Amino acid sequence: MKNTTVKKGILGVALVAFGAMGLKAQPPKGEQRKRPTLEEIFKQMDANEDGKLTKEEVKGPLKKDFKKIDANEDGFLTKEEIEKMPKPEKKEKPSK
């Protein structure tokens, strides 16, 4: 009986801890996440640090729109190409 109570207590503490971490990961309601700077993007994604991003290195919208952004079609994204890429359209929230 005591062993079961201890296990339930540990499980409860773990669930509360994970729940709190999940809340911290979300931006506050009504606020949007800040867009990373170009330097931050390259620091995070440029695995071989050659100053260019390949389709294998990128993720998210850059990967999805790689061909559109790669203006000279050389298979790499440069800082200049990313700076010139079209900005994503803002989605309007449906009115209630």
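**Figure 1. Overall fold of the protein chain, which has five helices and zero strands.** The model shown in this and the following views is a predicted one. Read along the sequence, the elements follow the pattern α-α-α-α-α. Of the 96 residues of the protein chain, 18% count as buried, and the chain exposes about 9000 Å², of which carbon and sulfur atoms supply 58%. Among the contacts with a separation of 6 or more, 26% are accounted for by residues that are 24 or more positions apart.

**Figure 2. The two sides of helix α2, which spans residues 38–45.** L38, I41, F42 and M45 are buried in this helix. These four cover an arc of only 95° around the axis, which puts them on the same side of α2. An α-helix has 3.6 residues a turn, so residues three or four places apart point the same way. On the other side of α2, by contrast, E39, K43 and Q44 are exposed. The buried residues of α2 pack against α3, residues 61–64, and against α5, residues 79–84.

**Figure 3. The largest nonpolar core, made up of 11 residues.** Its members are L38, I41, F42, M45, L53, V58, L62, F66, I69, L77 and I82. The elements that give two or more residues to this core are α2 and α4, the latter spanning residues 66–69, and α2 gives the most, with four residues. One member of the core is I41, and, when its neighbours within four places in sequence are left aside, I41 is in contact with P36, D46, L53 and L62.

**Figure 4. Lysine side chains placed over the rings of F76 and F42.** The charged end of K52 sits over the ring of F76, at a distance of 4.2 Å from the centre of that ring. K79 lies over the face of F42, and here the distance to the ring centre is 5.3 Å. F42 is also one of the buried residues of α2 and belongs to the largest nonpolar core. Although these two phenylalanine rings each have a lysine over them, a search of the whole structure finds zero aromatic pairs.

**Figure 5. The surroundings of G51, a residue in the loop between α2 and α3.** G51 is partly exposed, with a relative accessible area of 35%. Leaving aside its neighbours within four places in sequence, G51 is in contact with F42, D46 and L77, and of these residues F42 and L77 are members of the largest nonpolar core. G51 and F76 are 25 residues apart in sequence, while their C-alpha atoms are 9.5 Å apart in space.

**Figure 6. Two loop residues other than glycine with a positive phi, E49 and E73.** Most residues other than glycine have a negative phi. E49 is found in the loop between α2 and α3, and its phi is near 55°. E73 has its place in the loop between α4 and α5, and the phi of E73 is likewise near 55°. With a relative accessible area of 70%, E49 is exposed, and E73, at 69% relative accessibility, also counts as exposed.

Methods:
Residues numbered from 1 in each chain as written. Predicted model: local features only at pLDDT ≥ 70, side-chain atom pairs only at ≥ 80, totals over all residues. Heavy atoms only, no water. Buried < 20%, exposed > 50% of the residue type's maximum accessible area, 1.4 Å probe, protein only. Arc of directions from axis to C-beta. Contact = heavy atoms within 4.5 Å. Areas by Shrake-Rupley, 256 points an atom, 1.4 Å probe, with all protein chains shown as cover. Phe/Tyr/Trp six-rings, centres within 6.5 Å; stacked < 30°, edge-to-face > 60°. Lys NZ or Arg CZ within 6 Å of the ring centre and 35° of its normal. Core = buried A, V, L, I, M, F, W, Y, C linked by side-chain atoms within 4.5 Å.
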